Amino acid sequence: MLRLLLGSGGVMKVSDLIRSIKGPEARANHNLSLYRKAFCDFSAEGESVVATGSDSVVLKLHDGSILKISSRTVTRALEPFDLPVLSSGTMQAEGRTIYYVIQPEAEPATLSDLAMFLRILTDHGFRMTDPGISQIGVYQGQVRLLDPFAVAKD
């Protein structure tokens, strides 16, 4: 489940945006100090903190795209219901690997979108392991999964 946060506004280094995250849940689920070190020379500039979840820290970049940072990587192939990935990679700090993906921003979903998405998941042989409207969004008129960790193959 993602917890929505208010962003700081303005443009700043991604590492400084990570430094602005203060919530106890985010600190419990993520090594924010390690993330800051890993992203100290990241080329894109950040704009705001979108959310923190159990698997990812989600930041809005200055160009409008979304950066998701995690100590985990998605092991399944992308499915048609997933939000597209614009780029992905790894960063290193203290001998550890931090994973990231950059995706387009999606519009908020509605409850009827969630009901439709659950049917789409079933049709593809998946189920939601962390159900909720915050896990999906609308991108180019289609309901898409925002959090790839929130589903599992049946």
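These are my notes on a buried histidine, a three-stranded sheet and two loop residues in a predicted model.

**Entry 1: His-30**
I looked up His-30 and found it in the loop between helix H2 (24–29) and helix H3 (32–38). I noted its relative accessibility as 6%; the cut-off for buried is under 20%, so His-30 counts as buried. I then checked its side chain, which makes a polar contact with the side chain of Tyr-35 at 2.9 Å. Setting aside neighbours within four places in sequence, I listed the residues in contact with His-30: Tyr-35, Gly-53, Ser-54, Asp-55, Ser-56 and Val-57.

**Entry 2: the sheet S8-S10-S11**
I traced an open sheet of three strands, ordered S8-S10-S11, with antiparallel pairing. Strand S8 (107–108) and strand S11 (142–145) are at the edges; each has a single partner strand, so one side of each has no neighbour in the sheet. I looked up helix H4 (residues 111–123) next and found that it packs on the sheet, touching S10 and S11. The direction of H4 makes about 70° with that of S11. Between S10 (residues 136–139) and S11 I recorded four bridges, the two strands running antiparallel. For Val-138, I found the bridge partner in S11 to be Val-143.

**Entry 3: positive phi**
Which loop holds Gln-140? I placed Gln-140 in the loop between S10 and S11. Its phi is near 50°, a positive value in a residue other than glycine. Gln-140 has 67% relative accessibility and so counts as exposed.

I also looked up Glu-94, in the loop between strand S6 (87–93) and strand S7 (96–103). Phi of Glu-94 is near 50°, positive although the residue is not glycine. At 55% relative accessibility, I entered Glu-94 as exposed.

How values were computed. Residues are numbered from 1 along each chain as its sequence is written. This is a predicted model: local features need pLDDT of at least 70, side-chain atom pairs count only at pLDDT 80 or more; totals for chains, interfaces and linings use all residues. Side-chain values use heavy atoms; hydrogens and water are left out. Buried means under 20% relative accessible area, exposed over 50%, partly exposed in between (1.4 Å probe, protein chains only). A polar contact is a pair of N or O atoms within 3.5 Å; within protein, one must be able to donate a hydrogen and the other to accept it, and residues adjacent in sequence count only if both atoms are side-chain atoms. Contact means heavy atoms within 4.5 Å. Two strands pair if DSSP finds at least two bridges between them. Axes are lines fitted to C-alpha atoms, for helices over the stretch in contact, and angles run from 0 to 180 degrees between N-to-C directions.
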